[in-house]
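Trainee: I should like to go through the terms used for this model and see what justifies each of them. May we begin with the cysteines?

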Amino acid sequence: MRIHVTFIDRVGITQEVLALLGARNLNLDAVEMVPPNVYIDAPTLKPQVLEELRSALMAISGVQTVAVIDLLPSQHRRLQLSALLQAMSDPALLIDHQGQVLLANPAFSRCLGKPLEALTLEQLFADPALADELQRHGFRLPMREVIVNGQAFLLDAMPLTGEDTAQAGALLTLFHPNRIGGRLSALQEQTESSFAALLGSSEPMRTLVARAQRLAQLDAPLLIHGETGTGKELIARASHSASPRGHEPFLALNCAALPESLAESELFGYASGAFTGAQRGGKPGLLELADKGTVFLDEIGEMSLYLQAKLLRFLNDGRFRRVAGEREIQVDVRIISATHRDLKAMVAAGTFREDLYYRLNVLTVDVPPLRERGQDILALAEAFLQQACTQIRRPACRLASSTHAALLGYRWPGNVRQLQNVIFRAAAICEQPLIELNDLDMADSHSTVSNESTEESLEASLARFERELLSRLYRDFPTTRRLAERLGTSHTAIAKRLRKYGIGQT
């Protein structure tokens, strides 16, 4: 039976309570003094004895209540901690300030493959110096790789301190590499990553999305080709989300942004002592962190021939070695790659491996440039404008109708990324609620207008711009239907305008 005694805190009262308990020769398993409280665990205390004990305790000056409780505070805390550890899916164990194992959750026992009893911290890990290092650094160490029962995990140590801030031990948690990869993937997910996030209803975009959705279900390498700024990574993320791997990590590497040695360690990881300054215990690369998920290799055409050979080996059997590593690692990862370059021409020039090209080019999608997406340009511009207004915390604004022809007629060499930058710049600079043509910085996009006399009417300016736009586009789209599809309107409206300006009537 467990009882809780409350009292008014005065000098000597705790000694009186303890003396009373001692005089009755009670078999006490535990007594916890937390003035003005005493918690008593007396397993042999009978109900009939309890009433006499209650009366005796209440007779002590200052004692206020005597009540039966289920658990002592320490027992309650231990039960809560045990429940918390059991609920954790990752292996975890609690150690004291001397490195002795106090408690381990079922996941750790399963990972260990044998009972935890009689095992010291030094015996749990393949690195016998780890326990000493943990203590020397106050249980504060960077996340590192450890081997438990032949399996590689990332160890995270969280120091625990007592009420007097003294070191009380630590909670050690083991994460499978792809659990960390999942967290990194979640941090990278700043916007919706499904196909619904791809704005646009033009025919080229509908064709792209339909094809990408079909290919997303096929567990094979996917190559995405498109000009810079067309949103290839958005297509890759959407393809991953719609695939059977959608709930696993998606990690990206820009092959053009890193030198060869750094790109190799980022993708494949490195073993302990691989180079000066390398993290002790080694570091997993993206392929390990994304196990069961997807790795996106952006600008694959910029990858060195050495890394191409190493990637080809991985694509052949799913195995690789870390930098300076001896152990072969096998993972299940889908590779999605993207490029704006002509890989066939690079193969012919000897700057891209032919065998790797055919391994990557199993499934392909082509992302259309912005200039071929017609009215999508205006829809994207309005969406970017609302995003910009929200981001810079200015009142909502909109695009004047006079900007539409210029936006549709510009060739957008930087594609969607350039359009987003132009709109953001206009929203940041323009103080009016209406964004006018002069607020859009599109280089030579409206130079023909600015060089003309400013005295002509708006109707005359728009008619001249329309004539120049149709004349320029007609060279690339010499039929009314193709030109109408390019501009996102009906072929009868285009035919009427072509007749009006005498375009194509030779």
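Mentor: Certainly. This is a predicted model. Cys389 has a relative accessible area of 3%; buried means under 20%, so Cys389 is called buried.

Trainee: How do you know that Cys389 is in no disulfide?

Mentor: A search of the whole structure finds 0 disulfides. For Cys389, the nearest cysteine sulfur is that of Cys397, 3.1 Å away. A disulfide requires sulfur atoms within 2.5 Å, and Cys389 is therefore not counted in one.

Trainee: Why is Cys111 called buried?

Mentor: The relative accessible area of Cys111 is 7%. The limit is under 20%, so the term applies to Cys111.

Trainee: What makes Thr173 buried, and which residues is Thr173 in contact with beyond its neighbours within four places in sequence?

Mentor: Thr173 lies in strand β9, residues 167-175, and has a relative accessible area of 6%. That value meets the criterion of under 20%. Its contacts, with those neighbours left aside, are Met88, Asp90, Pro91, Ala92, Leu154, Leu155 and Asp156.

Trainee: Why does Ile336 count as buried?

Mentor: Ile336, in strand β15 (residues 334-339), has 0% relative accessibility, and so counts as buried. Leaving aside neighbours within four places in sequence, the residues in contact with Ile336 include Leu222, Ile224, Ala236 and Phe296. The C-alpha atoms of Ile336 and Leu360 are 8.0 Å apart, with these positions 24 residues apart along the chain.

Trainee: Turning to helix α20, what makes its buried residues line one face of the helix?

Mentor: In α20, residues 480-487, the buried residues are Leu483, Ala484, Arg486 and Leu487. Viewed down the axis of α20, they fall within an arc of 160°, so they line one face. The face turned away from that buried side carries the exposed residues Arg481 and Glu485. After α20 comes Gly488, with a positive phi near 70°.

Trainee: Why is helix α1 called roughly antiparallel to helix α2?

Mentor: The axes of α1 (residues 13-23) and α2 (residues 47-58) come within 10 Å and cross at roughly 150°. Angles over 145 degrees count as roughly antiparallel, and therefore α1 is described as roughly antiparallel to α2.

Trainee: Which residues make the contact between α1 and α2, and what is the handedness of the crossing?

Mentor: Val17, Leu20 and Leu21 of α1 make the contact with Leu53, Ala56 and Leu57 of α2. The crossing of α1 past α2 is right-handed.

Notes
Residues numbered from 1 in each chain as written. Predicted model: local features only at pLDDT ≥ 70, side-chain atom pairs only at ≥ 80, totals over all residues. Heavy atoms only, no water. Helix = DSSP H or I, 4+ residues; strand = E, 2+ residues; numbered from the N terminus. Buried < 20%, exposed > 50% of the residue type's maximum accessible area, 1.4 Å probe, protein only. Contact = heavy atoms within 4.5 Å. Arc of directions from axis to C-beta. Axes fitted to C-alpha atoms, helices over the stretch in contact; angles between N-to-C directions. Parallel < 35°, antiparallel > 145°, perpendicular 65-115°, else oblique. Left-handed = near helix turned anticlockwise from the far one by under 90°.
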